[in-house]
Amino acid sequence: MKLETTLASTQPIVFQQLHNSLKHGRLGHAYLFEGPAKSELEQVALFLTQGFFCQNAQDGLPCGLCSNCQRIALKEHPDVLWVEPEGQTLKVEQIRQLQKEFGKSGLETTKRGFIICEADKMSIGAANSLLKFLEEPQMDSLAILTTEVLGKILPTIQSRVQILNLKPQAPQLIAKVLVEEHGLAVEEAKLLSQLTHSVEEAVEFSQNQWFNEASNVLLAWVEKLLQGKTAAFVAVQTQLVPLFKEKEQQALAFDLIFLGIHQGQVATNVKAQIAAIFLQAQQKLQSNVSLQNVLEQGTLKTFSILHVY
Ligand SMILES: [Zn+2]
C-alpha cells in the first residue's frame, strides 16, 4: 500500500496538514512529531521528507518511485541524514556531525534534510547544540524530530519547531496487525494491544520470555484476588515480588493489574473500587513504598470490599 494511503487512514489530521503544506509549498523548516509508535513516527517523517525531495510530486504528494523517494525510503539519500540514538542517548558528537554535514552544500540537490529519531534521548549538550542549529534555519532545509514523549523535549526546542501529534491507534487495529502481520495468537494480541500503542513494542513483549511468564503469573494472581482467595495475599511475596524487581517491570505490573481488574468477573462498581485501591497503591509505589507493601495492602483492602475475612 502507498504510504500516503496508509497515513490518510491512520493519521488523517496530520496527513491533511502536511499534504496542504506540501501542496502549497508552505512547509516549515522544522517539525516535531510526537506519537506512541516508533514505526509510525518514522513513516510520517519519511512521507514528509519524500514530499520535500520528490522530483515527481503530484498535487504535493511524493511519488514514492523516483530515485529521491526510493533512496530516502532506504535511508541512502546523500542529502538526507537520519540520526538515531547510539544506545540510550543521542550524543553531542552526533549533532555536531550533523551540523558539519549541513555546512556543506547539498551533494546532489540544493536541499538538505535531517531526521532525529527519538529526539528525547538527546543529551543536554546535544539539545543545546541542536538549538543553535534550529535558530538559524538553512535556506532550503527540512528538520524533523520524532519522540514518543513530548514532555522530555526541552521547551526551547519545542518553541522552535512545529509540533504535530499522532494519535494512538485503536487497540483493535493493533491487535489485528499483530495477528495478521506478526502471526501472534488472537488472545495474546488482544492482551498486548491493551498494554501498548506500539506494534513494535508489542512484538518485543511477545518475544520476551520474562514478559510471557510475568504476565501469566500476574493475571492469574488478579483472578485469585478478585475471587477473594486468601492465597493471593501470600502470593504477593512468593510469586510477584521475585518477578517484578525493576522499576519498569513494576510499572508494567500495574498496567497488567488494571487490565486484569477490567477483565475480571466482578460487578462494574466493584471493579471501579478495586481499581481505585490499586491506583492508590501505584502512587505509593512511586513515592518509594515497596512493591510488596503496596500490593499486600491493596490485597487486604480488596478483600474488605469483597467481604473476605
Ligand atoms: Zn518521488
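Q: Before the zinc site, what angles do four donors need to count as tetrahedral?
A: Four donors count as tetrahedral if all angles lie between 85 and 135 degrees. Keep in mind that this is a predicted model.

Q: OK, so which protein atoms are the donors of the zinc ion?
A: Four cysteine sulfurs: the SG atoms of C54, C63, C66 and C69, lying 2.3 Å from the zinc ion.

Q: And why is the arrangement around the zinc ion called tetrahedral?
A: Because the angles subtended by the four donor atoms run from 101 to 120°, and the criterion asks for all angles between 85 and 135 degrees.

Q: How are the donor residues spaced in sequence?
A: The pattern is C-x8-C-x2-C-x2-C.

Q: Are C63 and C69 buried or exposed?
A: Both C63 and C69 are buried.

Q: Switching topic: what domains is the protein divided into?
A: Domain 1 covers 3-165, and domain 2 covers 208-308.

Q: How far apart do their C-alpha centres lie?
A: The C-alpha centres of domain 1 and domain 2 are 42 Å apart.

Q: Now strand β4, residues 141-147. How many of its residues are buried?
A: Seven of the seven, so β4 is largely enclosed by the rest of the structure.

Q: Which residues point which way from β4?
A: S141, A143, L145 and T147 point one way, while L142, I144 and T146 point the other way.

Q: What joins β1 to β4, and how do the two run?
A: Strand β1 (residues 30-34) is joined to β4 by five bridges, and the two run parallel. In that pairing, A30 stands opposite A143.

Q: And β3?
A: Five bridges join strand β3 (residues 112-116) to β4, and these two run parallel. Here I115 stands opposite I144.

Q: Let me zoom in on S141 in β4. Why does S141 count as buried?
A: Its relative accessibility is 9%, and the cut-off for buried is under 20%.

Q: What is S141 in contact with, leaving aside neighbours within four places in sequence?
A: H29, F52, F102 and R112.

Q: Last one, helix α10, residues 199-206. Which residues are buried there?
A: V199, A202, V203, F205 and S206 are the buried residues of α10. They cover an arc of only 160° around the axis, so they sit on the same side of α10.

Q: What covers the buried residues of α10?
A: The cover includes helices α8 (171-182), α9 (186-195), α11 (209-226) and α13 (247-263).

Notes: Residues numbered from 1 in each chain as written. Predicted model: local features only at pLDDT ≥ 70, side-chain atom pairs only at ≥ 80, totals over all residues. Heavy atoms only, no water. Donors = N, O, S within 2.8 Å, 3.2 Å for Na, K, Ca; no water. Tetrahedral: all angles 85-135°; square planar, octahedral: opposite > 155°, others 65-115°. Buried < 20%, exposed > 50% of the residue type's maximum accessible area, 1.4 Å probe, protein only. Domains from an automatic or database assignment. Helix = DSSP H or I, 4+ residues; strand = E, 2+ residues; numbered from the N terminus. Arc of directions from axis to C-beta. Contact = heavy atoms within 4.5 Å. Pairing = 2+ DSSP bridges.
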